[in-house]
Amino acid sequence: MLTLRAAGLEPLVRKLDRALLSVGSDASADIRLAAAPARWAILRRQDSGLEIRRIGVAGAIQLAVGQTVEVDGVAIGLSRASQPPPGPDARGGGAAGIAVQGIAEALADAEAPEEALTRMLEELLRATGAETGAILLRSPEGYTVPVALHADGRVLDEADALLSDTLVRDVLEGGVSTLSLRDLPSSPRYGSVPSVVSLRLSSVLCAPMRMGDKVLGAVYLGHHDPSARFTEAQASDLKVLATMALPVLSQLRRAALAPASPVDELLVGDSPPMGQVRDLVKRVAPSDLSVLVLGETGTGKEVTARAIHAASPRAERPMIALNCAAVPESLLAVELFGCKKGAYTGATSDRKGRIEAADGSTLFLDEVGDMPLPMQVALLRVLEERAVTRVGENEERPVDFRLVAATSLDLDAAVEEGRFRKDLLYRLRELAVTLPPLRERGADVEVLATLFLRQAERQL
């Protein structure tokens, strides 16, 4: 609980029910304090307490539970909210729910699938007070139990019995979203199943690890004490954690089972469309075929070009990239072909163009569909002759480069309308890679969100 006391005013007591709270005398503030400026401070809830940042003042003030600090004449105190005594529905770690953030962080820090699964299960046992737990995953032969533990850390030897149990099969086969059962021995359906008898279970909580419509595994927790019960909040949080864990574990599993490949590292996603893109990129990358990458804006065309380059024999040299739509038409020739000193006002020295700089490497031309027609003719000649002539010069310079181009436009339609040369399209599209939009990639949204979150964590 948060307490604010200013001289001459009644103390304000507020529950920290949000991650961020604004404090000030303005009517828009989350906590209105008449003694403070209109926009005074931002309070940020943390696991260890509270961070106080005054608007317009550098630095932050840290406040731990049980402490009081005076800021600009206002005493700010932080205390734990009073908790009702635990009843029969509040057992299992003494908490209404599960600390999702802590478990997610432990999962993200793991470097191997086995470590991630073990950490997750250990944290769940600790958070819920369950005596036993297991994680079950789909395998080519059916299902396996890669990790199963007692609360004290011992391996749960009887875990194999779970695979034949009706209660776990109901979740694994996708018929039940989350199974939360109390008083198991008296249940007509589950009271006599092997694990209930052999493990002497009184209640159980089981949530599916779901990727789209497919259940790839389940998280299982069990109580032996007849007076212990899982709460509805724990069941809800476990469902979130099971979903959160799946994309992370999927990436870890794939990295552990196969040698690291730049294509796998760059083209992230487990959906069938992305699997087809990765397979095609892996097949075409070792060749020198010109590749045209097609797709809507934001589908990852440049990332795909970098994957092609990284998996090619030219990977030792950096890929050279140019966005054709970002360069004015009057400068595009210089950017592509280079120039001779004195070729135009401001050309104070000889300069290589992007094509020449890509000698021995890969040239990536983004938004190639926006290239003006005169420049299309010049590029076509370079592709046919494999030689480049700088602006203001007559000498041809041989170049050995691999071309990858990208566009979000329909180039066939542009050819019909006379905006793009058919012979250049033929040269560009020796092989085409079409990228699916994110709306067609299903659970890849979760995979990418997790990836971006971990990148942000490292940066911040």
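This passage looks at the confidence of a predicted model, then at strand β3 and at alanine 315.

Confidence comes first, as a guide to reading the rest. Across the chain of this predicted model, the mean pLDDT is 82, and 85% of the residues reach 70 or more. One stretch deserves some care: over residues 82-95, pLDDT stays under 50. For that stretch, the model has 26 contacts beyond four places in sequence.

Strand β3 spans residues 20-24. Of its 5 residues, 4 are buried, so β3 is largely enclosed by the rest of the structure. Two strands pair with β3, and they are taken here in turn. With strand β5 (residues 41-46), the pairing is antiparallel and extends over 4 bridges. Within this pairing, leucine 21 has leucine 43 of β5 as its bridge partner. With strand β4 (residues 31-32), β3 runs parallel, and 2 bridges join them. Here glycine 24 is the residue that stands opposite arginine 32 in β4.

Further along the chain, alanine 315 lies in the loop that links α8 (301-310) to β16 (320-323). Is this residue buried, partly exposed or exposed? Alanine 315 has a relative accessible area of 33%, and because this value falls between the 20% and 50% cut-offs, the residue counts as partly exposed. Once neighbours within four places in sequence are set aside, alanine 315 is in contact with His309 and Ala310. A further spatial relation involves threonine 362: this residue and alanine 315 are 47 residues apart in sequence, while their C-alpha atoms are 8.3 Å apart in space.

Methods: Residues numbered from 1 in each chain as written. Predicted model: local features only at pLDDT ≥ 70, side-chain atom pairs only at ≥ 80, totals over all residues. Heavy atoms only, no water. Buried < 20%, exposed > 50% of the residue type's maximum accessible area, 1.4 Å probe, protein only. Contact = heavy atoms within 4.5 Å. pLDDT = per-residue confidence, 0-100. Pairing = 2+ DSSP bridges.
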